[in-house]
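User: I'd like to learn how to read a fold from its coordinates. Could you walk me through one?

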Amino acid sequence: MRAGTERVSSEAAKLVNALRNAPKARGRWGEQQLRNVLESCGLSEHADFQTEVSVTDGDGGRLRPDVVVRVPGGQNRVIDAKVSLNAYQDAFGAVDEAERNIGLAAHAASMRTHVNGLGNTAYWSQFADAPDYVIMFVPGEHFLSAALEHDSDRWEFAFKRRVLLATPTNLIAIARTVSAVWRQEKLAMQAQEIA
C-alpha cells in the first residue's frame, strides 16, 4: 500500500507540475473538461457542437473559441474555457493567511483578466446568430468560488463585459436544456414527416 500510495503521489505531483508549467497543457485540460461536460449531457461533437472553430475578426486577426454549440433555430452559443491554476495553487498552498490572501488576489486578478479578454474579443459580432454574450467556462466551482471570495463583484463585472460565468454545474443545466430542445426539434420533424 505504501508503494502504491507513493506512486499515486508521484504521478499527482507530475500532473500538477505539467499543469503549472505548461500553459498549453492547462488550456487543453480546461477544453477537455468542457468537452466532457457537453458530451455527458448528450451533445455530440461535430453534430451539436464544434471545437476550435476559427473566424477572422474585422481587423484580419484570427479568433478561435474553444466550443461553438449549435442551438435549434440556427443559433450559436460561444464558450471559452479559462482557468487561473497557478495563482489558485499558490493561494491554497500558502502556509499563512497573508500569503493566502496574496495568492487569492492574484487568482481574482487573473480571472478578471480572462473576463476582460473575452469581453474585448466580442465573439458575438463574429458568429452569425450568436447572442450578445460569450460563456466563460471555469472547469471547477472551487476556482470561481475562490475568486468570488476575494472579489465579490465578479458576477456583475463579468455581466457588464457580456461574459456569463459557467462552472460544470450550471453548464450542465445549459447543455441539458440544449440537448432537450434538440430532441424536441427532432420529434417535431419526425411528426411532420409522419403526417
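Analyst: Happy to! Let's begin with burial: a residue counts as buried when its relative accessible area is under 20%. This is a predicted model, and in it 37% of the 195 residues of the protein chain are buried.

User: Which elements make up the protein chain, and in what order do they run?

Analyst: There are 7 helices and 7 strands. Starting at the N terminus, the order is α-α-β-β-β-β-β-α-α-β-α-α-β-α.

User: Where does strand β6 have its buried residues?

Analyst: In β6, residues 134–137, both faces are covered. Val134 and Met136 are buried on one side, and Ile135 and Phe137 are buried on the other.

User: In which sense does β6 pair with β5 and with β7?

Analyst: Look at the bridges for each pair. Strand β5 (residues 75–81) pairs with β6 in the parallel sense over 3 bridges, and there Ile79 stands opposite Ile135. Strand β7 (residues 163–166) also pairs with β6 in the parallel sense, over 4 bridges; here Leu165 is the bridge partner of Met136.

User: How many of the contacts link residues far apart in sequence, as a percentage?

Analyst: Take the contacts with a separation of 6 or more: 63% of them join residues 24 or more positions apart.

User: And what can I read about overall dimensions, surface and charge?

Analyst: The C-alpha atoms fill a box of roughly 70 × 45 × 30 Å along the principal axes. The accessible surface is about 11,000 Å², with 53% belonging to carbon and sulfur atoms. For charge, compare mean positions: those of the 22 positive and 24 negative charges lie 3 Å apart.

Notes: Residues are numbered from 1 along each chain as its sequence is written. This is a predicted model: local features need pLDDT of at least 70, side-chain atom pairs count only at pLDDT 80 or more; totals for chains, interfaces and linings use all residues. Side-chain values use heavy atoms; hydrogens and water are left out. Helices (H or I, at least four residues) and strands (E, at least two) are DSSP runs, numbered from the N terminus. Buried means under 20% relative accessible area, exposed over 50%, partly exposed in between (1.4 Å probe, protein chains only). Contact means heavy atoms within 4.5 Å. Accessible areas come from the Shrake-Rupley method with a 1.4 Å probe; for residues, only the protein chains shown count as cover. Lys and Arg count as positive and Asp and Glu as negative; His and the chain ends are not counted. The place of a charge is taken as NZ of Lys, CZ of Arg, CG of Asp or CD of Glu. Two strands pair if DSSP finds at least two bridges between them.
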